[in-house]
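Work through the exercises below with the sequence and the model at hand. Each task is followed by a solution in steps.

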Amino acid sequence: MTIKPLIILPDPILRQVSRPIETVDGEVKKLADDMLETMYDAPGIGLAAIQIGVARRMLVLDVSKDGEDKKPLVFINPEIVTSSDARSVYEEGCLSIPDYYAEVERPASITVRHLDREGKEQVTEAEGLLATCLQHEIDHLNGVLFIDHISKLKREMVIRKFTKAAKMRGSKAL
């Protein structure tokens, strides 16, 4: 397993729409393992492939609590098939937008159809933190960031801050 460098805002790669995975093979499984290793190292609870520069529809999660055994989850080609009318608000952060957090309102529960690490079709019912995390990471696969769910003024301030930081690092991320 290899820890991959994270793509950081304002890199335009984060706005790409990821392509479906046609076949779950050894290469896809290695990508899942690398993504999990990268997520745990960061540390984070979710990571979409696009966040390491791979525009494929895959995400990994682990919402286990500190002190619990790790419960890594792999979602390939995830698709939200139902979402509740009930809403919930969580303070979200993102490994691609380090040290910035904001409250985001999303459906409180969702149903996701996806392939697992072995390529078997699964249906996952999610609520609470798992539902929020899945929606956040699926957004990434569609080129959407959690800051797109906050006010335009706050979003523009965050983008300016990260653009300035990228310029200071001499990044070509614009």
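**Exercise 1. Is aspartate 139 buried or exposed, and which residues does aspartate 139 touch?**

Step 1. In this predicted model, aspartate 139 is found in helix H2.

Step 2. The relative accessibility of aspartate 139 is 15%. Buried means under 20% relative accessible area, so aspartate 139 counts as buried.

Step 3. Not counting residues up to four places away in sequence, aspartate 139 touches Arg106, Val144 and His149.

**Exercise 2. Place alanine 86 in the chain and list its contacts that lie beyond four places in sequence.**

Step 1. Alanine 86 sits in the loop between S3 and S4.

Step 2. Its relative accessible area is 46%. Partly exposed covers the range between under 20% and over 50%, so alanine 86 is partly exposed.

Step 3. Leaving aside neighbours within four places in sequence, alanine 86 is in contact with Arg106, Pro107 and Ala108.

Step 4. For the pair alanine 86 and arginine 106, the separation is 20 residues in sequence and 8.6 Å in space, C-alpha to C-alpha. Arg106 is also touched by aspartate 139.

**Exercise 3. Describe the overall fold: how many helices and strands are there, and in what pattern do they follow along the sequence?**

Step 1. The protein has three helices and seven strands.

Step 2. Along the sequence the pattern reads α-β-β-β-β-β-β-β-α-α.

Step 3. The radius of gyration is 16 Å, close to the 16 Å that the globule rule gives for 174 residues, so the protein is as compact as a globular protein of that length.

Step 4. Taken along the principal axes, the C-alpha atoms fill a box of roughly 45 × 40 × 35 Å.

Step 5. Of the 174 residues, 44% count as buried. Among contacts between residues at least 6 apart in sequence, 65% join residues at least 24 apart.

**Exercise 4. Trace the pairing of strands S3, S6 and S7.**

Step 1. Strand S3 (residues 73-83) pairs with strand S6 (residues 109-115) in the antiparallel sense, over five bridges. Serine 83 stands opposite isoleucine 110 in S6.

Step 2. S6 is also joined to strand S7 (residues 121-127), by seven bridges, and these two run antiparallel. The bridge partner of isoleucine 110 in S7 is alanine 126. Isoleucine 110 thus has serine 83 opposite in one pairing and alanine 126 as partner in the other.

Step 3. S6 and S7 form a hairpin with five residues between them. In the turn, glycine 119 has a positive phi of about 85 degrees.

**Exercise 5. How many residues lie between S4 and S5, and how many bridges pair these strands?**

Step 1. S4 and S5 form a hairpin with two residues between them.

Step 2. The pairing is antiparallel, over seven bridges. In S5, isoleucine 97 is the bridge partner of cysteine 94.

**Exercise 6. Which residues are closest to the centre of the largest pocket, and which elements give two or more residues to its lining?**

Step 1. The volume of the largest pocket is about 400 Å³.

Step 2. It is lined by 20 residues, and the closest to its centre are Ile45, Glu92, Gly93, Cys94 and Tyr101.

Step 3. Two or more lining residues come from each of strand S4 (87-94), strand S5 (97-107) and helix H2 (128-141).

Step 4. By class, the lining has ten nonpolar, six polar and four charged residues.

Step 5. The second largest pocket holds about 170 Å³ of space. Its lining includes Tyr40, Ile45, Asp62 and Lys70, and divides into two nonpolar, three polar and five charged residues.

**Exercise 7. Where are the cis peptide bonds before proline 10 and proline 43, and what is phi of asparagine 77 and of aspartate 99?**

Step 1. Most residues other than glycine have a negative phi, and most peptide bonds are trans.

Step 2. The bond from leucine 9 to proline 10 is cis, with omega near 15 degrees. Proline 10 is in the segment before helix H1 (26-41).

Step 3. Alanine 42 and proline 43 are joined by a cis peptide bond with omega of about -15 degrees. Proline 43 is in the loop between H1 and strand S1 (46-48).

Step 4. Asparagine 77, in strand S3, has a positive phi near 50 degrees. Its relative accessible area is 22%, and it is partly exposed.

Step 5. Aspartate 99, in strand S5, has a positive phi of about 65 degrees. With a relative accessible area of 66%, aspartate 99 is exposed.

Technical notes: Residues numbered from 1 in each chain as written. Predicted model: local features only at pLDDT ≥ 70, side-chain atom pairs only at ≥ 80, totals over all residues. Heavy atoms only, no water. 1 Å grid on protein atoms, 1.4 Å probe; cavity = no way out; pocket = protein on both sides within 12 Å on 5 of 7 lines; lining within 4 Å. Points joined across faces, edges and corners; volume = space filled by probe spheres on them. Nonpolar A, V, L, I, M, F, W, Y, C, P; charged D, E, K, R; others polar. Pairing = 2+ DSSP bridges. Rg over C-alpha atoms; globule rule 2.2 N^0.38 Å. Buried < 20%, exposed > 50% of the residue type's maximum accessible area, 1.4 Å probe, protein only. Contact = heavy atoms within 4.5 Å.
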